[in-house]
Amino acid sequence: MIMVLRWFLILLLAAFAGKLISKIKLPSILGWLIVGMIFGPHAVGLMPQELLDAQWYKIIIMWMQCAFGLMLGTELVWKKIKNYGKALVITTLTQSLGTFFFVTLVFAIAFVIGNVPVYLAFIFGGIALATAPAPAMSIVNEFHAKGPVTDTLMPMAVLDDVVGIMVFFSVNSFMASSVSGGSVPLYMIPVMIFLPLIIGIVTGLPAGWLLKKKLGRAKTLMVLVAGITLTAGIGWFINTKVLTGIALNYMLMGVAFSAVFTNMADEQRLEEITGWFHPILAVSLLAAIIDLGAPLNYHLILGAGLYTFLYIAARGLGKYFGARFGAGLTKMPDTVQKYLGLTLLPHSGVSLVFTGIACASLSARPELAGIVQGTIAAAAVINEIIAVIAAKKGFELAGEI
């Protein structure tokens, strides 16, 4: 009970800090992240590791990850997407694979000089290509961003997750075969991508049939909450009882669930649904960002070395110029070409998950696991603060705030 009260107190403090930060024209998410770091296990400890590891807490965060998937899924209107589908896929590939190859190249050179096994460079590339959608989505949510950059970013966040899972787990599986450590078998990678989507579609169909009807606010919210709970519950059961060796993406489940009913309801009804759901979405984003900030150790900023700064710079350049190249190649709007890359810099949630998996695969080589863990953990703290400001600036320069 005390842990629950502590968590509620942190949520209130973060909401207040977000309001203060917004007074100086910075996104509220920066306040949420800082509160997560300050009160997390590495600082004040009001939100200790015991809380982060508690089963009830993990289940709530899992539900909220599924819930904020609705922010992306409700933008996946098929009529809109097919207008720039090819451009979207090409730009996603250039910015994600471009980042993978550039970061891998930079670290391969650094590791040859530093006499570190070069295969480790591919792990850094695999971790770097993923984007954490929650920070950028919270900025869109807070500032009501609308325009070509926002319209491109929403579906791209979903595709980027899919590409990230494919590349990272493929690289990690090959690397694990070079050292004596476990990893996800290659045949499980399609399962990790498609199973969350299938779960979301299965639960989204009956929800869509109900939601397209003219229900009132209370009944609409009941259907949404029940649908999210069922979706997350099925995912949790499969993840903990059936396929225990893999980690399913709950946000992708929420995306698939909401994309189904989005394309079943008419535009006016969809606006009604999203408007009523907005308070739940806002709390889900707040909790998810605090959860993202809590494990970050601010002490690592002081100990950040050359590899950390190489990683931040190489990833930033890969994302920005990869997005710019793809958007230019496919003749996307000028603002998308110039500023989309800035909105793709947030990273830490995904990077820390991938880092944990990579370090488990490197358990037989603790000195290599230490390089990965130290570099990415320090980069997560520094990059996330820079990335949130850069993402907000990207929307601002694009004229979409």
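## Close-up views of a predicted helical model

Of the 401 residues in the protein chain, 56% are buried. The structure shown in every view is a predicted model.

**Figure 1. The protein chain as a whole, with 18 helices and zero strands.** The radius of gyration of the protein chain is 20 Å, close to the 21 Å that the globule rule gives for 401 residues, so the chain is as compact as a globular protein of that length. Taken along the principal axes, the C-alpha atoms fill a box of roughly 65 × 55 × 50 Å. Among contacts between residues at least 6 apart in sequence, 83% join residues at least 24 apart.

**Figure 2. The largest cavity, with a volume of about 50 Å³.** A search of the whole structure finds two cavities of 30 Å³ or more. The lining of the largest cavity consists of Thr131, Ala132, Pro133, Ala136, Met137, Leu153, Met156, Ala157, Asp160, Thr343 and Leu344. Two elements, α8 (133–143) and α9 (148–178), give two or more residues each to this lining. The largest share, four residues, comes from α9. By class, the lining of the largest cavity holds eight nonpolar, two polar and one charged residues.

**Figure 3. The second largest pocket, with a volume of about 950 Å³.** This pocket is lined by 31 residues, and those nearest its centre are Thr74, Glu75, Lys146, Glu271 and Thr274. At least two lining residues are supplied by each of α4 (55–73), α5 (78–81), α8, α9, α12 (250–262) and α13 (267–293). Helix α13 provides the largest share of the lining, nine residues. The lining of the second largest pocket divides by class into 13 nonpolar, 10 polar and eight charged residues.

**Figure 4. His144 in the loop between α8 and α9.** The phi angle of His144 is near 50°, a positive value in a residue other than glycine. His144 is exposed, because its relative accessible area is 59% and the class begins over 50%.

**Figure 5. Leu197 in helix α10 (residues 189–211).** Leu197 has a relative accessible area of 22% and is therefore partly exposed, a class that lies between the buried limit of 20% and the exposed limit of 50%. When residues up to four places away in sequence are not counted, Leu197 touches Leu252 and Ala256. The C-alpha atoms of Leu197 and Pro295 are separated by 28 Å, and the two residues are 98 residues apart along the chain.

**Figure 6. Helix α15 (residues 306–329) and the loop that contains Lys331.** At 1.5 Å a residue, the 24 residues of α15 should span 34 Å, and the end C-alpha atoms of this helix are 34 Å apart, which agrees. Helix α15 is followed by Lys331, whose phi is positive. Lys331 is found in the loop between α15 and α16 (334–343). The phi of Lys331 is near 60°, and this positive value occurs in a residue other than glycine. Lys331 has a relative accessible area of 71%, so this residue counts as exposed, for which over 50% is required.

Conventions: Residues numbered from 1 in each chain as written. Predicted model: local features only at pLDDT ≥ 70, side-chain atom pairs only at ≥ 80, totals over all residues. Heavy atoms only, no water. 1 Å grid on protein atoms, 1.4 Å probe; cavity = no way out; pocket = protein on both sides within 12 Å on 5 of 7 lines; lining within 4 Å. Points joined across faces, edges and corners; volume = space filled by probe spheres on them. Nonpolar A, V, L, I, M, F, W, Y, C, P; charged D, E, K, R; others polar. Expected span 1.5 Å × (residues − 1). Rg over C-alpha atoms; globule rule 2.2 N^0.38 Å. Buried < 20%, exposed > 50% of the residue type's maximum accessible area, 1.4 Å probe, protein only. Contact = heavy atoms within 4.5 Å.
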